[in-house]
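Work through the exercises below with the sequence and the model in view. Each task is followed by a solution in steps.

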Amino acid sequence: MSPCADNRERACPRTGTCSNRLIPPNLRVSEGSPLPVTHRHTIGINRRELLQVGYSGLLGLGLSSFAGARAKDAPSLARGKKPKSVLIVFLTGAASHHETFDPKPDAPPEIRGEYKAIQTQTPGLLASEHIPKLAARSKLYSVVRSLSHRENNHLVATHHVLTGHVQPGAFFDKIASRDDFPNYAGGLSYHRSPPEGTPCGVNLPTYLMEGPLLWPGQYAGFLGPKHDIMQITQDPNRADFKVENLRPASGMDVTQMKDRMALLSAVNDQRKWLAEQSETKKMTDQQQQALAVLTSGRVAKAFDIDKEPAAVRDKYGRHAFGQSCLLARRLIEAGVPVVQANMGRVQNWDSHGGLFKRLKNDLLPPLDSAVSALLDDMSDRGLLEDTFVMVLGEFGREPKINKEGGREHWAPCFSGLFAGAGVRGGQVIGKSDKNAGYPTTTPYSPDDIGATVYSVLGVDPHAEVRDRLGRPVQLNRGHVIRPLFDGTGD
């Protein structure tokens, strides 16, 4: 099914994708933010780059090449401590904040919706009745209710949230391009190498692409393929789940593999003119890094999810949501610095009609079991101290329920859950108005989310990087969301 197919009145006649681009007239606009313009498509990542991004090549696997540290020491939340990790639970398509962490029980029915609100362990924090496990664990996390930006288009908003920067030249449905800003793993890779044999980041279990639309924010953008992450596109809940490319081929041991690489190197030496080509160098980097992962075995073992006790797997939930969160925890434990678990295919949470039935039956219960188990597990293992966890989508949902029983896109106000790496649990940060339509306190943008992520990773958010033309670019222009860590207010 095409994205937003349940919103046929607003569907793009060319792609079937949602064309909802409501921009509220009273929304405060920050300088430099793009307005959606006429729907058009341009070529973004070309076929060669897509193959590199998709990790094809000699070993069938491409990883980031990890440049040495380039930035000067800069103030960060991780100063003086070992670098933190980041785990992103991404609700692709945008979950409704009204039906999760910002219900409005006193609002009219067309705003309030069908669900009851329940108390959490945090004073002032109500939650939907369909996430009771998370409600019972609110002391482990903080909720920011005043997230806000102005991109009501899925692709553009996804880039903003997953890179911490407005997409360059943004327009409606602008697909991924090598002019995009890097995702957090790519930005980290530019500045610091992860442990040897470990990729800078992993995305799982879905690849955000639908028809001609390749979602931006999944790659290293203008930093180039050598800083791209691993993409895993298999459901870890399947009985036959395994990532073959992380293991030597049947009958080939590590020594034989190294010999094969030595042979390849000898052949390459006879073709020195090829080595002068930049694309060849990039592919060689990918091959060497793939070999490092294969021979270290650390990441390969993390993917052996069937080694987990059955009771642990059951607690996360025997579904794609649950097992993806469990696999994400295993990858963090193996030393992968940035892991993103997409909760569904593209626009999985995008409900322009039949919202309440779908959330109740298909989405909220598995999310509740998966994320609550993840928080418990990481806390028990001591991983939460060094891992910044965030659960959010690209925007929220419109306050007023539409005629089809759904909610339209709504970027002016939405919520996010944040935990770990020094985040003070049991907090509600920011407030929305009586309809959860606009923040009534300091709004926090995706730029601020990005500044927080980079600071947790030990990277100066305002550090200078170079685009593909060698021009200096500031990595991020946001500010750390300080109340998450010091409880100083909204």
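Both D228 and R178 are buried, where buried means under 20% relative accessible area, exposed over 50% and partly exposed in between (1.4 Å probe, protein chains only). The model is a predicted one, in which local features need pLDDT of at least 70 and side-chain atom pairs count only at pLDDT 80 or more, while totals for chains, interfaces and linings use all residues. Residues are numbered from 1 along each chain as its sequence is written, and side-chain values use heavy atoms, with hydrogens and water left out.

**Exercise 1. Describe the salt bridges of D228, D376 and R466.**

Step 1. Apply the rule: a salt bridge is a side-chain nitrogen of Lys or Arg within 4 Å of a carboxyl oxygen of Asp or Glu. The count by this rule is 21 salt bridges.

Step 2. Take D228, whose partner is R178; their closest N and O atoms are 2.6 Å apart. D228 sits in the loop between β7 (213-214) and β8, and R178 in the loop between α4 and α5 (184-191), 50 residues apart. Helices (H or I, at least four residues) and strands (E, at least two) are DSSP runs, numbered from the N terminus.

Step 3. Take D376, which forms a salt bridge with R137 at 2.8 Å between the closest N and O atoms. D376 belongs to helix α12 (residues 355-380) and R137 to the loop between α3 (132-135) and β4, so the pair ties together parts that are 239 residues apart in sequence. D376 is buried, at 13% relative accessible area, whereas R137 is partly exposed, at 21%.

Step 4. Take R466, which pairs with E464, the closest N and O atoms being 3.4 Å apart. R466 is partly exposed at 39%, and E464 is partly exposed at 48%.

Step 5. Add the network of salt bridges that links E308, R329, R330, E333, D377 and R381.

**Exercise 2. Place strand β9 in its sheet.**

Step 1. Write down the strand order. An open sheet of eight strands runs β8-β5-β9-β1-β10-β13-β4-β14, with mixed pairing; two strands pair if DSSP finds at least two bridges between them. The edge strands, each pairing on one side only, are β8 (230-231) and β14 (427-429).

Step 2. Find the neighbours of β9. Strand β1 (residues 85-90) runs parallel to β9 and is joined to it by five bridges. Strand β5 (residues 201-204) also pairs with β9 in the parallel sense, over four bridges.

Step 3. Match residues across the strands. A341 in β9 has V89 opposite and also L204, while V338 is the bridge partner of G201.

Step 4. Check burial. Five of the five residues of β9 (residues 338-342) are buried. V338, Q340 and N342 point one way, and V339 and A341 the other way.

**Exercise 3. Is helix α4 enclosed or open, and what does it lie across?**

Step 1. Ten of the ten residues of α4 (residues 154-163) are buried, so the helix is largely enclosed by the rest of the structure.

Step 2. Look at its two ends. At the start, a side-chain oxygen of N153 comes within 3.3 Å of the backbone nitrogen of L155. After α4 comes G164, with a positive phi near 75 degrees.

Step 3. Locate the helix on the sheet: α4 lies across β1, β9 and β10 (387-392), running at about 155 degrees to β1. Axes are lines fitted to C-alpha atoms, for helices over the stretch in contact (heavy atoms within 4.5 Å), and angles run from 0 to 180 degrees between N-to-C directions.

Technical notes:
Polar contact = N/O pair within 3.5 Å; in protein donor to acceptor, adjacent residues only side chain to side chain.
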